[in-house]
Amino acid sequence: MRFDIITLLPGLLAGPFEHSILKRAADKGLLEVELHNLRDYTTFKHKQVDDYQYGGGAGMVLMIEPVVRCLDFLKAQREYEEIIYMSPDGELLNQSLANQLSLKNNIILLCGHYKGIDQRIREHLITREISIGDYVLSGGELAAAVLVDAIGRLIPGVLNDESSALFDSFQDNLLAPPVYTRPETFNNWRVPEVLLSGDQKRIDAWRNELSLERTRLLRPALLNK
Ligand code: SAH
C-alpha cells in the first residue's frame, strides 16, 4: 500500500514512519510513504503557496494552483482510490474507517495549514475528508501520521502475529481486556490468578468478560453499534 502525503512541512513527517511497526512494514515492502513538499509545485515568486482570504480576515489560505500541479503530477503516475484532505470538520476517524481504508492500494493525503485550503479544492478535487478528533491542530501533518499509523498496522503481514489486530480495542466494538507481564507480584499487586492457570478456555472467557465489562463501563455507546 502506498501513501503520498502533500505537505508544507515534510520535516514534521520525517520521523513517524521510521520506527517500530511502520518501519518494519516499509522494510517488508508492504507500506510506502512518499512526502511531497507543496512548495516544489508552485510557479509563484518566492515559492509562495498561500494567500490572504477573500473577504478579509486573519489567516492565510493554501492556493489551488500548487495543489492541482502536485495532484496532476501524482495522478499521471498511478491511479489513486482516495484523495483525502485532513480536516477538523471531516468524517471522524475510527477503527471501522481505518479497516476500510486498509484495503486500498494508493491514497493521497493532503495536509492543510494556517486557515485551511481554498474551498474549491475540497469541492472538486478531494474524494474524502477525515478528522482525527474534535479539536483543531495547526496543520494536517500530525493527523496524517495518525491516519497512516492506524491503517498501516492493519495491512496483512505487517503485524507479526496477524491475528493480534483482531483483538485490539474497537474491533467488534469492544475495548481490549487488560494485559499483564512479569513479575507475578509487585508491591503485593498480583496478576489475576486465571491468567496463570494455563487453562486457555478459562482465560479466553475471562478476557471476553473483562472486554465487555470495560466497554460497558468506559464506552457504553460502542455496544449499541
Ligand atoms: N480554519 C480551520 C482549521 C484550520 S487548521 C477550521 O476552523 O476548520 C489547519 C489545518 O490543520 C487544516 O487545514 C487541516 O489540514 C489540519 N487539521 C486541523 N485539525 C485537524 C483535525 N482535527 N483532524 C485533521 N486535520 C486537522
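In which helix is asparagine 99 found? Asparagine 99 is found in helix α3, and this briefing, which describes a predicted model, returns to that residue after setting out the domains, the nonpolar cores and the largest pocket. The domain assignment of the protein chain gives two parts, with domain 1 covering 2-152 and domain 2 covering 169-224. Taken over C-alpha atoms, the centres of domain 1 and domain 2 are separated by 37 Å.

**Nonpolar cores**

- The largest nonpolar core holds 28 residues, and the members that touch the most others are Phe3, Ile5, Ile84, Met86, Leu101, Leu109 and Leu147.
- Two or more residues of this core are given by each of the strands β1 (2-7), β5 (82-92) and β6 (106-111), and likewise by each of the helices α1 (20-27), α3 (95-101) and α5 (141-152).
- Helix α5 provides the largest share of this core, with 6 residues.
- A second core of 18 residues is separate from the largest one, and its members include Leu74, Tyr80, Leu110 and Ile117.
- Isoleucine 5, one of the residues of the largest core that touch the most other members, is in contact with Leu13, Phe17, Val33, Glu34, Leu35, His36, Leu109, Cys111, Ala144 and Val148, when its neighbours within four places in sequence are left aside.

**The largest pocket and serine 211**

- The largest pocket has a volume of about 420 Å³, and among the 16 residues that line this pocket, Phe167, Ala176, Pro177, Arg207 and Ser211 lie nearest its centre.
- Sorted by class, the lining of the largest pocket consists of 8 nonpolar, 4 polar and 4 charged residues.
- Serine 211, one of the lining residues nearest the centre of the pocket, has its place in helix α6, which covers residues 200-218.
- Serine 211 counts as buried because its relative accessibility is 8%, and buried means under 20%.
- Leaving aside neighbours within four places in sequence, serine 211 is in contact with Leu174, Leu175, Ala176 and Pro177, and two of these residues, Ala176 and Pro177, are also named among those nearest the centre of the largest pocket.

**Backbone features**

- A cis peptide bond, with omega at about 0 degrees, joins arginine 182 and proline 183, and proline 183 has its place in the loop between α5 and β8 (185-186).
- Serine 20 has a positive phi of about 50 degrees although this residue is not a glycine, and serine 20 lies in helix α1.
- With a relative accessible area of 58%, serine 20 is exposed.
- Asparagine 187 is another residue other than glycine with a positive phi, here near 55 degrees, and asparagine 187 is found in the loop between β8 and β9 (189-190).
- With a relative accessible area of 52%, asparagine 187 is exposed, because a value over 50% counts as exposed.

**Glutamate 32 in strand β2**

- Glutamate 32 lies in strand β2, which covers residues 32-37, and with 35% relative accessibility glutamate 32 counts as partly exposed.
- Glutamate 32 and asparagine 106 are 74 residues apart in sequence, while their C-alpha atoms are 9.5 Å apart in space.
- When neighbours within four places in sequence are left aside, glutamate 32 is in contact with Met1, Arg2 and Phe3, and Phe3 is also one of the residues that touch the most other members of the largest nonpolar core.

**Asparagine 99 in helix α3**

- Asparagine 99, found in helix α3, is partly exposed, with a relative accessible area of 27%.
- The helix that holds asparagine 99 is also one of the elements that give two or more residues to the largest nonpolar core.
- Leaving aside neighbours within four places in sequence, asparagine 99 is in contact with Leu154 and Gln171.
- Asparagine 99 and leucine 195 are 96 residues apart along the chain, and their C-alpha atoms are separated by 30 Å.

Note on methods: Residues numbered from 1 in each chain as written. Predicted model: local features only at pLDDT ≥ 70, side-chain atom pairs only at ≥ 80, totals over all residues. Heavy atoms only, no water. Domains from an automatic or database assignment. Core = buried A, V, L, I, M, F, W, Y, C linked by side-chain atoms within 4.5 Å. Buried < 20%, exposed > 50% of the residue type's maximum accessible area, 1.4 Å probe, protein only. Helix = DSSP H or I, 4+ residues; strand = E, 2+ residues; numbered from the N terminus. Contact = heavy atoms within 4.5 Å. 1 Å grid on protein atoms, 1.4 Å probe; cavity = no way out; pocket = protein on both sides within 12 Å on 5 of 7 lines; lining within 4 Å. Points joined across faces, edges and corners; volume = space filled by probe spheres on them. Nonpolar A, V, L, I, M, F, W, Y, C, P; charged D, E, K, R; others polar.
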